[in-house]
Amino acid sequence: MTEAWRPDDEDERRGAIGPVKVRVPAKVNLHLGVGPLRRDGYHELNTVYHAISIYDELTARRGDTLALTMEGEGTGELALDDSNLVIRAAHALAGYAGVLPHARLHLRKQIPLAGGLAGGSADAAAALVACDALWGTGLSRDELAGIAADLGSDVPFLIYGGTALGTGRGEAVSPVLARATSWHWVVAIADGGLSTPAAYRELDRLRDSGAAGAPLGSTDALLGALRQRDPRVLAGTLGNDLQDAALAMRPALADTLKAGEAAGALTGIVSGSGPTCVFLAADAADAERIAAELTSAGVCREARVAHGPVVGARVG
């Protein structure tokens, strides 16, 4: 029988002895322009990512094997084996750094599954940051983002957080320089999720049949709005090419969007591939009021308030 691995003195010096806790935010797409299908099977994207204050937390401890447990959103639904992005991220980091992939990982999940908020990608980013600290691999954010790009299109952004322009299939991330403004959001969480690949297929179908709206153009107007402090200006620039697909797959989302705007939101859009809808509020007090009205209207499972931008996956 193979002897179980134990950290020696050098391992202990290189990495953390105690548990490492990493908090990672959800993301919304302020602009999600979907281009044609590429040869690699992905669509060309031109998007503006924005990290908001809804968080998952991953705790990493030393262990003899690699194991994942969880609580919160998705418990009992989310596989905890090698198909999970957290496990895949830990293996990817270990392979890159040349260390044994041994850790006990525990996920406290608040970001809903398949909600268009990049919850799985966020957890992968958290795993990279947590295991880097636990194992003492000492990688830079850029190195971690390089590993992240092979795990999923949204994962590199969640390493950085803030607001950023994403190109390629979304994995090429460039921070957006904007004035230090905190934007206030209401996040309307639906019952159940939507498959991201299915949403892209539906968009292709709608476009082929001529039923989709005109594709979004340049991000210039939105990037200009971010440099101002007026949420009303920003509201007029938000857009999502996948919204048509999400509404076709889940028609009830139209009622959610109407209810949010009737409650006084400056605008509302489907987040990513849905079914979460996000609403821009004038200020924090307005966000609280809109969330209460959406909850009372019964058009979503839960309405949460959030602000952004916030930093990406961080220890602490």
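Begin by selecting helix α6, residues 196-209, in this predicted model. Helix α6 comprises 14 residues, and the distance from its first C-alpha to its last is 20 Å, close to the 20 Å expected at 1.5 Å a residue.

Next, move to the start of α6 and display the side chain of S195. A side-chain oxygen of S195 comes to within 3.2 Å of the backbone nitrogen of A198. Then go to the other end and select G210, just after α6. There, G210 adopts a positive phi of about 80°.

Return to the helix itself. Which residues of α6 are buried? Select A198, A199, Y200, E202, L203 and L206, which are buried. In an α-helix there are 3.6 residues a turn, so residues three or four places apart point the same way. To view the surroundings of the buried residues of α6, add β1 (20-37), β2 (43-61) and α9 (243-249) to the selection. The buried residues of α6 pack against these three elements.

The tour now turns to the cysteines. How many disulfides does the structure hold? The structure contains zero disulfides. Select C277 and display its sulfur: C277 is in no disulfide, and the nearest cysteine sulfur, that of C300, lies 8.5 Å away. Because a disulfide requires sulfur atoms within 2.5 Å, the 8.5 Å separation leaves C277 and C300 unpaired. Select C300 as well; C300 is likewise in no disulfide, and the nearest cysteine sulfur to it is that of C277.

Finally, consider whether these residues are buried or exposed. C277 is buried, with a relative accessible area of 0%. C300 is also buried, at a relative accessible area of 15%.

Note on methods
Residues numbered from 1 in each chain as written. Predicted model: local features only at pLDDT ≥ 70, side-chain atom pairs only at ≥ 80, totals over all residues. Heavy atoms only, no water. Buried < 20%, exposed > 50% of the residue type's maximum accessible area, 1.4 Å probe, protein only. Helix = DSSP H or I, 4+ residues; strand = E, 2+ residues; numbered from the N terminus. Expected span 1.5 Å × (residues − 1). Contact = heavy atoms within 4.5 Å. Polar contact = N/O pair within 3.5 Å; in protein donor to acceptor, adjacent residues only side chain to side chain.
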